Amino acid sequence: MARSFDGIDDNLSAGTDAISSIDVNQTTQAIFIYVDSQPASNKIATDSTDTRPSPTVFREIEIVTPAVSGFRPRIFHSFSTTAGIWRGDTDRTTAEWHQIVITYDAGNTTNDAVIYVDNVADTITEVQPPVGTRSTGFDTFRVMEGNDGTQDLAGRLAFMCLDAGSLWSTSQVNFHYFY
């Protein structure tokens with residue numbers, strides 16, 4: 001069953017200290033999502049500290065404004081000097097279901113995220129290369145809301161998986177898509 005989010009104040013939170021075991025270099029996040037309308041910039045999932053109103057964000061999966069219409073997936077990952085940001089290059093349609101899988105190894109600043117949409121690896125742009133070492137210490141995980149309680153996403157979420165310590169292969173993404 002899908003969970004609907006109104007884009008105003010609906011979100012899910014794992015709560016403080018519930019996710020310390022996923023504070024690792026290698027992660028894969030997989031979701032099935034239905035985006036209601038074209039966003040400016042809205043969050044799908046955020047890992048942060050629970051120090052509102054100004055928490056420290058460590059990793060965000062979000063959707064951002066496209067070149068023409070729809071949306072594009074993007075990942076933000078915090079590093080000690082400059083955060084890394086990667087964005088999918090293909091506009092995706094709103095008002096239909098999409099599988100998004102983002103896999104990333106933050107163990108080295110030369111690594112790039114891999115973004116799959118609907119079982120196909122997207123061409124990505126490294127919007128901002130990471131500099132320094134991976135930031136650690138996040139303890140809060142939110143779904144469909146930004147770290148500060150804003151940028152809620154209007155849509156539906158049918159499935160979400162965060163696989164800590166694992167980088168999914170193309171065959172694993174394919175398996176997730178069909179099963």
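The exercises below work through the fold, the cores, the salt bridges and the surface of one predicted model.

Residues are numbered from 1 along each chain as its sequence is written. Because this is a predicted model, local features need pLDDT of at least 70 and side-chain atom pairs count only at pLDDT 80 or more, while totals for chains, interfaces and linings use all residues; side-chain values use heavy atoms, with hydrogens and water left out.

**Exercise 1. Outline the fold.**

Task: State how many helices and strands the protein chain has, and in what order they run.

Solution.
- Step 1. The protein chain has 13 strands and one helix. Both are DSSP runs numbered from the N terminus: H or I over at least four residues for helices, E over at least two for strands.
- Step 2. Starting at the N terminus, the order is β-β-β-β-β-β-β-β-β-β-β-β-β-α.
- Step 3. Contact means heavy atoms within 4.5 Å. Of the contacts with a separation of 6 or more, 70% are between residues 24 or more positions apart.
- Step 4. One example of two residues distant in sequence is Val 35 and Ala 154, which are 119 residues apart in sequence but 6.4 Å apart in space, C-alpha to C-alpha. Val 35 belongs to strand 3.

**Exercise 2. Describe the nonpolar cores.**

Task: Find which residues of the largest nonpolar core touch the most other members, and which strands supply it.

Solution.
- Step 1. Buried means under 20% relative accessible area, exposed over 50%, and partly exposed in between (1.4 Å probe, protein chains only). By this rule, 46% of the 179 residues in the protein chain are buried.
- Step 2. A nonpolar core joins buried Ala, Val, Leu, Ile, Met, Phe, Trp, Tyr and Cys residues through side-chain atoms within 4.5 Å. The largest one has 17 residues, and Ile 75, Ile 100, Ile 102, Tyr 104 and Ala 113 touch the most other members.
- Step 3. At least two residues of this core come from each of strand 3 (26-35), strand 5 (57-64), strand 8 (97-105) and strand 9 (114-117).
- Step 4. Another core, of five residues, lies apart from it; Ala 30, Val 101, Trp 168 and Val 173 are among them.
- Step 5. Beyond its neighbours within four places in sequence, Tyr 104 has contacts that include Ile 75, Phe 79, Trp 86, Ala 113, Pro 130 and Leu 167.

**Exercise 3. Locate the salt bridges.**

Task: Say how many salt bridges a search of the whole structure finds, and place each pair.

Solution.
- Step 1. A salt bridge puts a side-chain nitrogen of Lys or Arg within 4 Å of a carboxyl oxygen of Asp or Glu. The search finds three.
- Step 2. Asp 91 pairs with Arg 72, with the closest N and O atoms 2.6 Å apart. Because Asp 91 is in the loop between strand 7 and strand 8 and Arg 72 is in strand 6 (residues 72-77), the pair ties together parts 19 residues apart in sequence. Asp 91 is partly exposed at 25% relative accessibility, whereas Arg 72 is buried at 10%.
- Step 3. Arg 87 and Asp 89 form a salt bridge at 3.6 Å, N to O. Arg 87 is partly exposed at 22%, and Asp 89 is partly exposed at 25%.
- Step 4. Asp 122 and Arg 92 form a salt bridge at 3.4 Å, N to O. This pair links distant parts of the chain, 30 residues apart: Asp 122 is in the loop between strand 10 (120-121) and strand 11 (124-128), and Arg 92 is in the loop between strand 7 and strand 8. Asp 122 counts as buried at 10%, and Arg 92 counts as buried at 15%.

**Exercise 4. Trace the surroundings of His 98.**

Task: Determine whether His 98 is buried or exposed, and which polar contact its side chain makes with another side chain.

Solution.
- Step 1. His 98 sits in strand 8 and is buried, at a relative accessible area of 3%.
- Step 2. A polar contact is a pair of N or O atoms within 3.5 Å; within protein, one must be able to donate a hydrogen and the other to accept it, and residues adjacent in sequence count only if both atoms are side-chain atoms. The His 98 side chain makes one with the side chain of Asp 118 at 2.7 Å.
- Step 3. The side chain of His 98 also reaches the backbone oxygen of Thr 93 at 2.8 Å.
- Step 4. Leaving aside neighbours within four places in sequence, residues in contact with His 98 include Ile 31, Ile 33, Phe 71, Arg 92 and Val 117.

**Exercise 5. Examine the helix end of the chain.**

Task: Place Phe 175 and say whether it is buried or exposed.

Solution.
- Step 1. Phe 175 is part of helix 1 (residues 170-178).
- Step 2. Its relative accessible area is 53%, so Phe 175 is exposed.
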